[in-house]
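Reader: Hey, got a minute to walk me through this one? I'd like the plain version.

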Amino acid sequence: MKQFQYVRPATQQAVLAAVGKPGSKIIAGGTNLVDLMKRGVTAPDKLVDINQLPLKNIGITKNGLHIGALALNSVVSENNLVTRNHPLLAMALKAGASPQLRNMATVGGNMMQRTRCGYFYDTTMPCNKRAPGTGCGAMEGINRMHAIFGASPQCIAVHPSDMCVALAALDATVVIAGKKGERRLPFTEFHRLPGDHPELDNRLAKDELIVGVEIPDNNFAKHSYYLKIRDRQSYAFALVSVAAALEIDNGLIKNARLAMGGVAHKPWRLFEAEKSLVGKPATEENFAHAAQLAMQGAIGHGGNSFKLKLAPATITEALKHAAGLV
Amino acid sequence: MESKKSCTGPDDDLDVKDSSRRNFLKQSTLLTAVALTPGTAMKAAAGHVDEQIAAVFEKMPLKMQVNGKQQNLSVEPRSTLLDILREQLHLTGTKKGCDHGQCGACTVHVDGHRVNSCLTLGIMMNGKKITTIEGLAKGDKLHPMQEAFIKHDGFQCGYCTPGQIMSAVACIREGHANSEHEIREYMSGNICRCGAYPNIVNAIQEVKDRGMAI
């Protein structure tokens, strides 16, 4: 690992002043960043440790449930307000990483984690995300884990988070601090598609800081499910995952939320499929129809073409679990 | 994904022969470092960046408690907790497996919570209390989890064992050892390439069922 300077500012203003400088990077849990630094994928001159900031709070506000950016993944997943009001988020968090990593990883850091694409990690390989202009090794290479939605000729990497899939489904908002004050961004707009700039994972500016996420109140707690399909039963990234949340009234679906992980450069919200379910009975046929709608525009690249069948099956299965049909 | 480091067997028994091998390795590494230094330093001086380099390479103070003992250290910011434990404090019970947070061999407790020490920067542990495998036994009396691992044959080569045991203790303390399924899920961050999993689960279940404070 290359040498770097380390600072531990005590205030948010000091953090914002430090992160604006070129070569500076924020470190929170470090589970992804330290790994990337060991492999030489990134080599910051200065690490700004934000763990002194009071951003671990989890509590109810007028905007719903607020979760501080430094709240640990393990803590959030076991918090009563989360398990009671948003069990989908707890399920997604528990599906991610290992107990040790969840004890280190923060909510903000989870959002900021980089893709696990092998070409991104291997500094001897071309990768437009790591080294813009060098090409995409995965496009014609080993792309079993890669995107079937929203990819560009420059990049077919996927965002690896489980937590983010649940937050996208639950209409969360990201609270961001900058030198000019706070701004709010819908969670579904936080991460971006690769387009011509796959080096940019999200819309956070270099001199900004995630301070938390907010989840609005909803009626999905009784009928939600996070289904993650992976190569081994635990401690592996998703091939495909689905966050499904339903509000069911007298057997009819009043409201639906669906998002997929492991299929795109960002958590992939399924708006059309959601709309198709509203007002319909919670049946396997309707779920399968929604899953077919969700697959419009999907493109396989060889190694990942199996996802074209796996994804709709996972959507249907997740909805069945959410509706209590399984 | 990288291939995991294969099991190499216990690499640091406290016998004389082995510790001399360790010292030899340290000395030869040091000689290599000295041999490389002058050229680097000259280049730095020529580029008038020596002051900058000195600032960057500066070690920083780190105060942390390890197994109940206060340690006042001086560390490079890039040193991981794992490397500080092994190389500076000579607590080589904590193992370096993959060194990328994928195998769990480096698991230690920080303020009572299990973490991967290979992905933890030591400098971020200022003021924290660390427990390693060496801190579990009370004198000659093994921790109940250590005894259970022996009784149930919870290892073959032993390389993953310190991490397994640290994780197993945390698994029970967290309240995640209520069934075989739950134990397997909450021990998934610790890989055992010998495949001692059934015996590890048995060891954890026994300690859990005895209900002792651990």
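Author: Sure, here is a quick tour of the model, chain by chain.

Reader: What kind of model is it, and what are the ground rules?
Author: This is a predicted model, where local features need pLDDT of at least 70 and side-chain atom pairs count only at pLDDT 80 or more, while totals for chains, interfaces and linings use all residues. Residues are numbered from 1 along each chain as its sequence is written, and chains are lettered from A and ligands numbered from 1 in the order in which they are written.

Reader: What ipTM and pTM does the predictor give the complex?
Author: The ipTM is 0.97 and the pTM is 0.90.

Reader: And what does chain B average in pLDDT?
Author: Chain B averages 84, with 73% of the residues scoring at least 70; pLDDT is the predictor's confidence in each residue, from 0 to 100. Residues 1–19 of chain B are below 50, and that stretch has 23 contacts in the model beyond near neighbours in sequence. A contact here means two residues whose C-beta atoms, placed from the backbone, lie within 7 Å. Residues 30–42 of chain B are also below 50, and this stretch has 0 contacts beyond near neighbours in sequence.

Reader: Why be careful there?
Author: Where pLDDT is low, the predicted coordinates should not be read in detail.

Reader: Fair. How many helices and strands in chain B?
Author: Chain B has 7 helices and 5 strands, in the order α-α-β-β-α-β-β-β-α-α-α-α along the sequence. Those are DSSP runs numbered from the N terminus: helices are H or I with at least four residues, strands are E with at least two.

Reader: Which strands does strand 1 of chain B pair with?
Author: Strand 1 (residues 60–66) of chain B pairs antiparallel with strand 2 (residues 69–75) of chain B over 7 bridges. It also runs parallel to strand 5 (residues 129–131) of chain B, joined by 2 bridges. Pairing means DSSP finds at least two bridges between the strands.

Reader: Got any residue pairs I can click on?
Author: Try B:Leu62, which stands opposite B:Leu73 in strand 2 of chain B. For strand 5 of chain B, take B:Gln65, whose bridge partner is B:Lys129.

Reader: What's in the turn between strand 1 and strand 2 of chain B?
Author: The two strands form a hairpin with 2 residues between them, and B:Asn67 in the turn has a positive phi of about 50°. B:Asn67 is not a glycine. Most residues other than glycine have a negative phi.

Reader: Is B:Asn67 buried, exposed or partly exposed?
Author: B:Asn67 is partly exposed, with 17 other C-beta atoms within 10 Å. The cut-offs: buried is 20 or more other C-beta atoms within 10 Å of a residue's own, exposed is 12 or fewer, partly exposed is in between, with C-beta atoms placed from the backbone. B:Gly68, in the loop between strand 1 and strand 2 of chain B, is exposed, with 9 such atoms within 10 Å. The C-alpha atoms of B:Gly68 and B:Gly135 are separated by 7.8 Å, though they are 67 residues apart along the chain.

Reader: Where does B:Asp111 lie?
Author: B:Asp111 is in the loop between strand 3 (107–110) and strand 4 of chain B. Its phi is positive, near 50°, in a residue other than glycine. B:Asp111 is partly exposed, with 13 other C-beta atoms within 10 Å.

Reader: Switching to the interface. How many residues does each chain put in?
Author: The contact takes 25 residues from chain B and 21 from chain A. On the chain B side, helix 2 (50–57), strand 4 (113–116) and helix 6 (180–186) each supply at least two residues. Strand 4 of chain B gives the most, with 4 residues.

Reader: And chain A, what's the domain assignment?
Author: Domain 1 is 5–51 and domain 2 is 224–323, with bounds from an automatic or database domain assignment. Their centres, taken over C-alpha atoms, are separated by 36 Å.

Reader: Last one: what do the buried residues of helix 13 of chain A pack against?
Author: They pack against strand 9 (224–229), strand 10 (240–249), strand 11 (252–261) and helix 12 (284–294) of chain A. Among those buried residues are A:Ala311, A:Ile315 and A:Leu319. Helix 13 of chain A is followed by A:Gly324, with a positive phi near 80°.
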